[in-house]
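User: I would like to learn how to read strands, contacts and empty space from a set of coordinates. Please take one feature at a time.

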Amino acid sequence: MPCFARLLTAIAPVSSPAEADAPHVEYWSPSSRLLVQRGDAELFVQVLEVPVADRRPARPVRIPAPWPRRFGRYAVAPSADVAVFSGAHALAAVDRTGAVRWEVRHGCWAGCASHDSYEEYAHDRDHRYASSGSAAFSADGALVWAHVRGPLGQDGHEGAAGVEEWLVLDAVDGRVLARAATGSAAAGSVHVPSADPGRMGLSIGEGQDGAPLRWGRWDGATLAVDSFADEDLVLSAVSPSGTRLLTVTHGQEALAVHRLVDGSAASGPETELHAATVIPRHPEADPDDRDVEVFWDYEAGFLDEDTVIAGTVESDEESGAGRHWIVDLARTGAVDPLLHPYPVTGPARALGDGTWYTVSPADHVVRIWGLD
């Protein structure tokens, strides 16, 4: 039975598509969300209030960037007053004035010996197309979790050259509180925060070679890491309660919900949905083409504890308009089509309070939706 979307609000971008990346939401819980857009020289950060339909975002905060957007990734603190930039050679915490609060140097993602500043590798092709790590703040802003390449510099402990590590750092001064080898060979990675400050997900992409998933638990003294038996799983979201994880297999054939017990992953998925079984063939697909496939997008999320929003946009593009779906976990994973009042391009990203947002690729307008 179809579900229908209702537009709640539309938010214009701070910067144009020619000058900045598309906006996205940094999300820890339904009450802690920031709308962020990366320009070439700075971040634009706006607090996204709840309920979104009743008010516009706050005036944007600007955080200067230590290097251009093509080099590495970034994370913004829930307080919106500082960002950590994850670059080719270092993690750098920068405040609104542009002051560097702390820096932790690590091995180069491009494999070079060392560079002291961005200007030294600004025009180097290997650095421009290098692999990269990532970082994220905990829900309370007290910790920074970071995926880096070893060895660390003098601000951390020395590790083996080229070994990738997952760090837990003090957000105030950058002290390394804990570290664990990830056992990966990343092309890139993404952190997926939990509402619990001591929990964090790390989804690592190794290109065609795999997608190792790591789930970290920090108790103030020890970092424990679950590896999901080294299955190739992409972590899409953590549920609002922090007790469920949403994953998509590397091959995109299956969407699954995993139950967490005492903070660690239980064996086997709670719910597993194979696209070929639960998603019908695209209505505009060539009826004579037997090679038409349907598979899940990597981006999916929890609308609430028992409702998932997902898409098959990538596989649908060969046949027609991309489709979105509502998964009802309370009805044993029932999958219903989600219909927007007009065509929506790209993924639908959940906000954890029954709403989700989409971004127009043409003008970067953010539209926030709810179920009608």
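User: How many residues are in the hairpin that joins β23 to β24?

Analyst: A note first: this is a predicted model. The hairpin joins β23 to β24 through two residues. The two strands run antiparallel, and three bridges join them, with β23 covering residues 301–304. Asp304 in β23 is placed opposite Thr307 in β24.

User: Which strand pairs with β24 over five bridges?

Analyst: That is β25, residues 324–328, and the pairing is again in the antiparallel sense. Within this pairing, Ile309 of β24 is opposite Ile326 of β25.

User: How should I read the two faces of a strand, and which residues of β24 lie on each side?

Analyst: In a regular strand, side chains alternate between the two faces of the sheet. In β24, one side carries Thr307, Ile309 and Gly311, and the other carries Val308 and Ala310. Both faces are covered, as the residues on either side are all buried. Five of the five residues of β24 (residues 307–311) are buried, so the strand is largely enclosed by the rest of the structure.

User: Next, aromatic contacts. How many aromatic pairs does the structure hold?

Analyst: The structure holds two aromatic pairs. In one of them, the rings of Trp145 and Trp166 have centres 5.3 Å apart and planes at 55°, so the pair is tilted. Planes over 60 degrees apart would count as edge-to-face, and planes under 30 degrees apart as stacked. The pair links distant parts of the chain, since Trp145 belongs to strand β11 (residues 143–149) and Trp166 to strand β12 (residues 164–170), 21 residues apart.

User: Are Trp145 and Trp166 buried or exposed?

Analyst: Both Trp145 and Trp166 are buried. For Trp166 the relative accessibility is 1%. Trp166 also has a contact to note along the backbone: its C-alpha lies 4.6 Å from that of His147, although the two residues are 19 apart in sequence.

User: How many salt bridges are there, and what parts does the one between Arg69 and Asp40 tie together?

Analyst: The structure holds 20 salt bridges. One of them joins the side chains of Arg69 and Asp40, at 3.6 Å from N to O. Arg69 lies in the loop between β5 (61–64) and β6 (73–76), and Asp40 in the loop between β3 (32–38) and β4 (42–47), so the bridge ties together parts 29 residues apart in sequence. Arg69 is partly exposed, with a relative accessible area of 25%, and Asp40 is partly exposed at 40% relative accessibility.

User: Is Arg214 buried or exposed, and what about Asp230?

Analyst: Arg214 counts as buried at 6% relative accessibility, whereas Asp230 counts as exposed at 51%. The cut-off for exposed is over 50%. These two form a salt bridge, with the closest N and O atoms 3.1 Å apart. Arg214 lies in strand β16 (residues 213–218) and Asp230 in the loop between β17 (223–226) and β18 (233–238), so parts 16 residues apart in sequence are tied together.

User: Which residues are linked in a network of salt bridges?

Analyst: Arg244, Arg259, Glu270 and Asp306 are linked in such a network. A separate entry to inspect is the salt bridge between the side chains of Arg331 and Asp328, at 2.9 Å from N to O. Arg331 is partly exposed at 45% relative accessibility.

User: Now empty space. What is the volume of the largest cavity, and which residues line it?

Analyst: Rolling a probe the size of a water molecule over the atoms shows where empty space is left. Here the search finds four cavities of 30 Å³ or more, and the largest cavity has a volume of about 50 Å³. Its lining includes Ile11, Pro13, Leu35 and Phe44. By class, the lining has eight nonpolar, two polar and no charged residues. The largest share, three residues, comes from β3.

User: What is the volume of the second largest pocket, and which residues are closest to its centre?

Analyst: The second largest pocket holds about 310 Å³ of space. Of the 18 residues that line it, Ala321, Gly322, Arg323, His324 and Leu338 are the closest to its centre. The lining has 10 nonpolar, six polar and two charged residues. β25 and β26 (334–339) each supply at least two residues of the lining, and β26 gives the largest share, three residues.

Key: Residues numbered from 1 in each chain as written. Predicted model: local features only at pLDDT ≥ 70, side-chain atom pairs only at ≥ 80, totals over all residues. Heavy atoms only, no water. Phe/Tyr/Trp six-rings, centres within 6.5 Å; stacked < 30°, edge-to-face > 60°. Helix = DSSP H or I, 4+ residues; strand = E, 2+ residues; numbered from the N terminus. Buried < 20%, exposed > 50% of the residue type's maximum accessible area, 1.4 Å probe, protein only. Pairing = 2+ DSSP bridges. Salt bridge = Lys/Arg side-chain N within 4 Å of Asp/Glu carboxyl O. 1 Å grid on protein atoms, 1.4 Å probe; cavity = no way out; pocket = protein on both sides within 12 Å on 5 of 7 lines; lining within 4 Å. Points joined across faces, edges and corners; volume = space filled by probe spheres on them. Nonpolar A, V, L, I, M, F, W, Y, C, P; charged D, E, K, R; others polar.
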